[in-house]
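Let's take a walk through a protein together, one piece at a time. Have the sequence and the 3D view open as you read.

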Amino acid sequence: MYEAVRVDPDLEADGGSVAEAVSRIVETAARYGFEGVVVRNHDDSRLEFDAQDLADEHGIDVVDGIEIRADDPHQASGSVGNYRPQYTILAIHGGTNALNRFAVETDKVDVLAHPMDGSGDVNHVLAKAAAANGVRLEFSFAEILRTTGGRRVRAIQSLRKLREIVDYYDAPYVVSGDPEGPLEVRAPRELCALGVELGFDREWIVDGLAEWGRLAARNRRTQSDSFIEPGVERGRYETKRGGSRGSIRREGE
């Protein structure tokens, strides 16, 4: 299971570096039992860190991601073009019907984050587009974990509505606790327990947390030099003299 986090540079404790701030949240996630962490800061607060160094240090996968915030689909489209080659996982911060629709209709987008925020909504048209284009709809538990009163009630209602649509149209999805610092990280068992309280199945929550890792693995493969097209990758074979030459390998060969 993976958690998708943001690291606020303004929250760096004791004057530490950005790398130290990221390391603290990764260390916490590892201690709580996550297999990996997706660091997906917004594009206006991008961070520089070495994901492989952090993975080696803490013993879990660290995925470089980005969450694009835009005023309209035109701006979002430009940002997707700029950032898609640079990051393993790319998300669009939704919350308006226009941005939600743009995200689910764009196959270069991995995740539509916060689709029910603000004036945003998800209907059958958007769910079908998400399924067709492989865009995951995010179930963020942030407001349920960290707000109270009417705002929390509305968040619960929104997630339940989204769950019904996602299940009916078999749309892909991810789940997150959406923490912005080490103190906001919750263990997988806590997120599962919360999901059960909301009426979701434990296995459904586990699958949504694991989907971040499956996305990362898929994108790393398709972004690698060996990938040509789905089912076709560039392989290697040995020559009689012991040298190596390029070859094409199809799935099943």
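How many aromatic pairs does the structure hold? There are 7 of them in this model, which is a predicted one. Let's look at two.

Start with Phe 139 and Phe 200. Their rings meet edge-to-face, with 6.1 Å from centre to centre and 90 degrees between the planes. Now check where they sit along the chain: Phe 139 is in strand β6, while Phe 200 is in the loop between α8 (188–197) and α9, so this pair ties together parts that are 61 residues apart in sequence. Both of these Phe residues are buried.

The other pair is Tyr 173 with Trp 204, and this one is stacked: the ring centres are 4.0 Å apart, and the planes make an angle of 10 degrees. Tyr 173 belongs to strand β7 and Trp 204 to helix α9, so here the parts being tied together are 31 residues apart in sequence. Tyr 173 and Trp 204 are buried too. And here's a nice twist: Phe 139, Tyr 173, Phe 200 and Trp 204 form one aromatic cluster.

Stay with Trp 204 for a moment. What lies over the face of its ring? That's Arg 163, at 4.4 Å from the ring centre. Arg 163 is one of the buried residues of helix α7, so let's follow that helix next.

Helix α7 runs from residue 149 to residue 169, which makes 21 residues. From its first C-alpha to its last it reaches 31 Å, close to the 30 Å you'd expect at 1.5 Å a residue. Besides Arg 163, its buried residues are Ala 155, Ile 156, Leu 159, Leu 162, Ile 165 and Val 166. What covers them? The cover includes the helices α5 (124–133), α6 (142–146) and α9 (202–222), along with the strands β6 (136–140) and β7 (173–176). You've met some of those names already: β6 holds Phe 139, and β7 and α9 hold Tyr 173 and Trp 204. Right after α7 comes Asp 170, whose phi is positive, near 50 degrees.

Now for a residue at the surface. Gly 199 is in the loop between α8 and α9. Is Gly 199 buried or exposed? Its relative accessibility is 56%, so it counts as exposed. Compare its place with that of Arg 163: the two are 36 residues apart in sequence, but their C-alpha atoms are 9.9 Å apart in space.

Next, hop over to another arginine, Arg 6, in the loop between β1 (2–5) and α1 (18–31). Why does Arg 6 count as buried? Because its relative accessibility is 6%, and the cut-off for buried is under 20%. Its side chain has a polar contact of 2.6 Å with the side chain of Glu 67, and another of 3.5 Å with that of His 114. Leaving out residues up to four places away in sequence, Arg 6 also touches others, among them Ile 25, Arg 40, Asn 41, His 42 and Asp 178.

Finally, zoom out. The protein has 9 helices and 10 strands, and 50% of its 253 residues are buried. Of the contacts with a separation of 6 or more, 68% are between residues 24 or more positions apart. The accessible surface comes to about 12800 Å², and carbon and sulfur atoms account for 45% of that.

How values were computed:
Residues numbered from 1 in each chain as written. Predicted model: local features only at pLDDT ≥ 70, side-chain atom pairs only at ≥ 80, totals over all residues. Heavy atoms only, no water. Helix = DSSP H or I, 4+ residues; strand = E, 2+ residues; numbered from the N terminus. Expected span 1.5 Å × (residues − 1). Buried < 20%, exposed > 50% of the residue type's maximum accessible area, 1.4 Å probe, protein only. Contact = heavy atoms within 4.5 Å. Polar contact = N/O pair within 3.5 Å; in protein donor to acceptor, adjacent residues only side chain to side chain. Phe/Tyr/Trp six-rings, centres within 6.5 Å; stacked < 30°, edge-to-face > 60°. Lys NZ or Arg CZ within 6 Å of the ring centre and 35° of its normal. Areas by Shrake-Rupley, 256 points an atom, 1.4 Å probe, with all protein chains shown as cover.
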